[in-house]
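Student: I would like to learn how the packing of helices and single residues can be read from a model. Could we go through it step by step?

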Amino acid sequence: MPVHEITDPDDDRIADYRALTDVELRTRWEPPHGLFIAEGELVLRRALRAGYPARSYLVDAKRVDQLADLDTGDTPVYAATPDVLQRATGFHVHRGVLASFRRKPLPSAAEVLATARRVAILEDVNNHTNLGAIFRGAAALGIDAVLLSPTCADPLYRRSVRVSMGEVFAVPYAKFERWPAGLDQVREAGFTVLAMTPAPDAVPIQRLARAQRERAALLLGAEGPGLTAAAQSASDIRVVIPMRRGVDSLNVAAAAAVAFWELGRDDAPPGNG
């Protein structure tokens, strides 16, 4: 595996990795250039298994051996000291391994819905940590796909990918072009749209009939504001996770995990999680 040493943080060969902590810059750079960044060996390997083509690898010079078993082919492997990595990326790369990958074309919402039994739908979820955690919960708890409103954050942003532990590669996702009109398409595909809300008149999620949870599309809003009135109006049923001790709501990722488990509890596989 040929390794190219990088000594200058401004070296154009590692332009893909520059200023990784600048969300606005990365948003302007990554999707238009058809790339995303994976951080950490585990995430990198999951991206490769999911069929994403690597553009390049950038590693701490002391960790090059971690990639020794990979068939990197013509993909360049760059190595640098921790200081050069930090100056190039804008943060201490404590996992010591980064990779730039080419994105794959996103499927349409119709394609995703055609092969799914239960889906999550996210409206305006712009916190990358929450987004990654939701994808990880979806993968673990029986959600077949995730659909995003046009204003949701990018699931392939580095922090989302890292928080999801690479599960964003395992769960199919698509973006609606029109919102909330896209919910009509979900309903036409045979799903019951369940809007999560702490409203006092919402149905406790554990009281849903089996038919209502069988092909469920769980609709979740952003941290704080929750679902818009328009999205709730376009749903079939408003549901709530009952709370105790005066707590009115959960973090959206935590609420999603609870609801995902509840919707699939009748067909959950045995295991200890």
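Tutor: Let us begin with a definition, since contact here means heavy atoms within 4.5 Å. Please keep in mind throughout that this is a predicted model.

Student: With that cut-off, which residues is Leu-208 in contact with, leaving aside its neighbours within four places in sequence?

Tutor: Leu-208, which lies in the loop between strand S10 (203-204) and helix H8 (210-214), is in contact with Leu-194, Arg-213, Ile-237, Val-239 and Leu-263.

Student: Is Leu-208 buried or exposed?

Tutor: A residue counts as buried under 20% relative accessible area, and Leu-208, with a value of 7%, is therefore buried.

Student: What should I look for in Glu-262?

Tutor: The same cut-off of 20% applies, and Glu-262, placed in helix H10, has a relative accessible area of 10% and is therefore buried. Setting aside residues up to four places away in sequence, Glu-262 touches Ile-205, Gln-206 and Arg-213.

Student: How is the direction of one helix relative to another read, and how do H5 and H10 run?

Tutor: One compares the axes, and angles under 35 degrees count as roughly parallel. The axes of helix H5 (residues 128-140) and helix H10 (residues 252-264) cross at roughly 10 degrees and come within 8 Å, so the two helices are roughly parallel to each other. The crossing in which H5 passes H10 is right-handed.

Student: Which residues make that contact?

Tutor: From H5 come Asn-130, Ala-133, Ile-134, Gly-137 and Ala-138, while H10 brings Val-252, Ala-253, Ala-256 and Phe-260. Sorted by class, this contact of H5 with H10 holds seven nonpolar, two polar and no charged residues.

Student: Why do positions spaced along a helix turn up together on one face?

Tutor: An α-helix has 3.6 residues a turn, so residues three or four places apart point the same way.

Student: What do the buried residues of each helix pack against?

Tutor: In H5, the buried residues include His-128, Leu-131 and Phe-135, and the buried set packs against helix H1 (23-33), strand S6 (119-122), strand S7 (145-148), helix H6 (158-163), strand S8 (173-175) and H10. In H10, Ala-255, Ala-259 and Leu-263 are among the buried residues, and the partners of that buried set are S6, H5, strand S9 (192-196), H8 and strand S11 (216-220).

Student: How far apart are the end C-alpha atoms of H5, and what span is expected?

Tutor: They are 19 Å apart, which agrees with the 18 Å that 13 residues should span at 1.5 Å a residue. H10, also with 13 residues, reaches 18 Å from its first C-alpha to its last, close to the expected 18 Å.

Technical notes:
Residues numbered from 1 in each chain as written. Predicted model: local features only at pLDDT ≥ 70, side-chain atom pairs only at ≥ 80, totals over all residues. Heavy atoms only, no water. Axes fitted to C-alpha atoms, helices over the stretch in contact; angles between N-to-C directions. Helix = DSSP H or I, 4+ residues; strand = E, 2+ residues; numbered from the N terminus. Parallel < 35°, antiparallel > 145°, perpendicular 65-115°, else oblique. Left-handed = near helix turned anticlockwise from the far one by under 90°. Nonpolar A, V, L, I, M, F, W, Y, C, P; charged D, E, K, R; others polar. Expected span 1.5 Å × (residues − 1). Buried < 20%, exposed > 50% of the residue type's maximum accessible area, 1.4 Å probe, protein only.
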